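User: I should like to learn how the features of a protein–DNA model are read. Please give the general idea each time, and then the case at hand.

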Number of protein chains: 2
Amino acid sequence: MEHTVQFLKCLADPSRLAILHILAERDSYVELIAAKLDLTPGTVCYHLKKMEHAGIVRCSRTQFYVIYSLNRELFDRPLSELLFASDQTVERENVYRQKVLDSFFVNGRLTALPSQRKKREIVLEKVAESFAMGRVYEEKELNHLLLDFYDDYCTLRRELVGFGFLEREQERYRRAPKDPSEK
Amino acid sequence: MEHTVQFLKCLADPSRLAILHILAERDSYVELIAAKLDLTPGTVCYHLKKMEHAGIVRCSRTQFYVIYSLNRELFDRPLSELLFASDQTVERENVYRQKVLDSFFVNGRLTALPSQRKKREIVLEKVAESFAMGRVYEEKELNHLLLDFYDDYCTLRRELVGFGFLEREQERYRRAPKDPSEK
DNA sequence: AAAATAATTTGATAAATATCAAAATACTAT
DNA sequence: ATAGTATTTTGATATTTATCAAATTATTTT
């Protein structure tokens, strides 16, 4: 139950709610959020770390920036499940996710592509997070970057598009927005 | 948004969560809850009032006791609705409920039985709340009590049973438990 | 390697609030 | 009415925490 309280405390703050609203629109990073809300980067960071700790947001680095994003599955659950089913479900999923990542990534490189759909999705999402949100990647550049993760970059690219993590237009790629309305 | 924060702050406290767990099991009253949680009645009252204010619980008096109960519909909603649909839905429902009650009760007495099903349910629930939870009522006593609300106590009694607020066994009646598993 | 930039951490402070004991209210039963 | 019982309010206190400015750390680019 302690975990549930921590989770709820995270939500029960005007600044953090505002941050979540921003992240619900699109992934973002500390300084940008700080500017939008007229808060110090330090303060925003404090909030984000707190929420990351509670499993509400995740982050991944791209270029200079640490891109934060919502853990969207969380928000589809009914309140009763979060309050009374006491952590278990949520917690178990986070643990599972980490286990999958640990077993397929070694030093940031993929050892194989999971065949189970659920596992594959988790792994692909992780790879996708390494790409910047607004940016457009030429196919050549993309291939090069994917090669850092996995030798068979063609399969990897195809799957990323197939699972909806990347969008393709002619020879150019970009990260797909995680649109909540399309869930 | 201010209302959302208040609502979440209500949930984000160990003592209040514990109270909600108790109320999820069955309706209860201040002293009993205080005993179970090893808190002062004053403290428990403070929490309950706070939650009542936020629309999380409701209360009604019976005999010595003020019986508190969960506002169960609230907990079926997905978190996203509570956070991002920003109060509107919840708030609007509370306002609506109050409006219905105001228009059909005058000095605690029913002026008429609403014909709209939704309104009727709200009104009947309110009447049902005036009966104690564990107690058994003989038909005669029940009729007498219903007469305080409405002249046509027969219809009222029939509807209370029909909507599932009262349970009948031979000539005896009791309040039906609000079982969440039967929702 | 050095310079640039963003993120995080730290130390301090002011505001919010959970809790209790005790007093005040509200209601019931005799 | 009076006594009995439960609830609510009040005043005080200790804890928690959101926030900032400034210092530090982590990455990237040149």
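Analyst: A nonpolar core is a set of buried Ala, Val, Leu, Ile, Met, Phe, Trp, Tyr and Cys residues joined through C-beta atoms within 7 Å. Please keep in mind that this is a predicted model.

User: How many residues does the largest nonpolar core have, and which have the most contacts inside it?

Analyst: In soluble globular proteins, nonpolar side chains tend to be buried together. Here the largest nonpolar core has 40 residues. Those with the most contacts inside this core come from both chains: A:Cys10, A:Leu48 and A:Val57, along with B:Cys10, B:Leu48 and B:Val57.

User: With which residues is A:Val57 in contact, leaving aside its neighbours within four places in sequence?

Analyst: A:Val57 is in contact with A:Leu23, A:Leu48, A:Met51 and A:Glu52, and also with A:Tyr68, A:Ser69, A:Leu70 and A:Asn71.

User: Is B:Leu11 buried or exposed?

Analyst: A residue counts as buried if 20 or more other C-beta atoms lie within 10 Å of its own. B:Leu11 is buried because 23 other C-beta atoms lie within 10 Å. This residue is found in helix α1 of chain B, residues 2-11. Leaving aside neighbours within four places in sequence, B:Leu11 is in contact with B:Arg16 and B:Leu17 in chain B, and with A:Leu8 and A:Leu83 in chain A. Its C-alpha atom is separated by 9.8 Å from that of B:Ala54, 43 residues apart along the chain.

User: What can be said of chain A as a whole?

Analyst: Chain A has 9 helices and 8 strands. Of its 183 residues, 22% count as buried. Among contacts between residues at least 6 apart in sequence, 53% join residues at least 24 apart.

User: How many residues does each chain bring to the contact between chains A and B?

Analyst: The contact takes 23 residues from chain A and 23 residues from chain B. On the side of chain A that touches chain B, the elements giving two or more residues are α1 (2-11), α2 (14-25) and α5 (79-84) of chain A. By class, that side of chain A holds 16 nonpolar, 3 polar and 4 charged residues.

User: How are the two copies related?

Analyst: Two copies of a chain are related by a rotation about an axis and a shift along it. In this model, a turn of 179° and a shift of 0.1 Å along the axis lay chain A on chain B with an RMSD of 0.3 Å. That is the relation of a two-fold axis. The same surface serves both copies, with 100% of the contact residues of chain A recurring in chain B. Of the residues of chain A, A:Pro78 comes closest to the rotation axis, its C-alpha atom being at 1.9 Å.

User: Which residues come nearest to DNA strand C?

Analyst: There are 24 residues around DNA strand C, and A:Val30, A:Glu31, A:Gly42, B:Ser15 and B:Thr43 come nearest. The surface near this strand has 12 nonpolar, 7 polar and 5 charged residues. With 6 residues, α4(A) gives the most to that surface.

User: And which residues come nearest to DNA strand D?

Analyst: Of the 25 residues around DNA strand D, the nearest are A:Ser15, A:Thr43, B:Val30, B:Glu31 and B:Gly42. The elements that give two or more residues to the surface near DNA strand D are α4 of chain A and, from chain B, α3 (30-37), α4 and β3 (65-70). Among these, α4(B) gives the most, with 6 residues. By class, the surface near DNA strand D divides into 13 nonpolar, 7 polar and 5 charged residues.

Conventions: Residues numbered from 1 in each chain as written. Chains lettered and ligands numbered in written order. Predicted model: local features only at pLDDT ≥ 70, side-chain atom pairs only at ≥ 80, totals over all residues. Buried ≥ 20, exposed ≤ 12 C-beta atoms within 10 Å, placed from the backbone. Contact = placed C-beta atoms within 7 Å. Near = placed C-beta within 6 Å. Helix = DSSP H or I, 4+ residues; strand = E, 2+ residues; numbered from the N terminus. Nonpolar A, V, L, I, M, F, W, Y, C, P; charged D, E, K, R; others polar. Least-squares fit on C-alpha atoms with pLDDT ≥ 70 in both.
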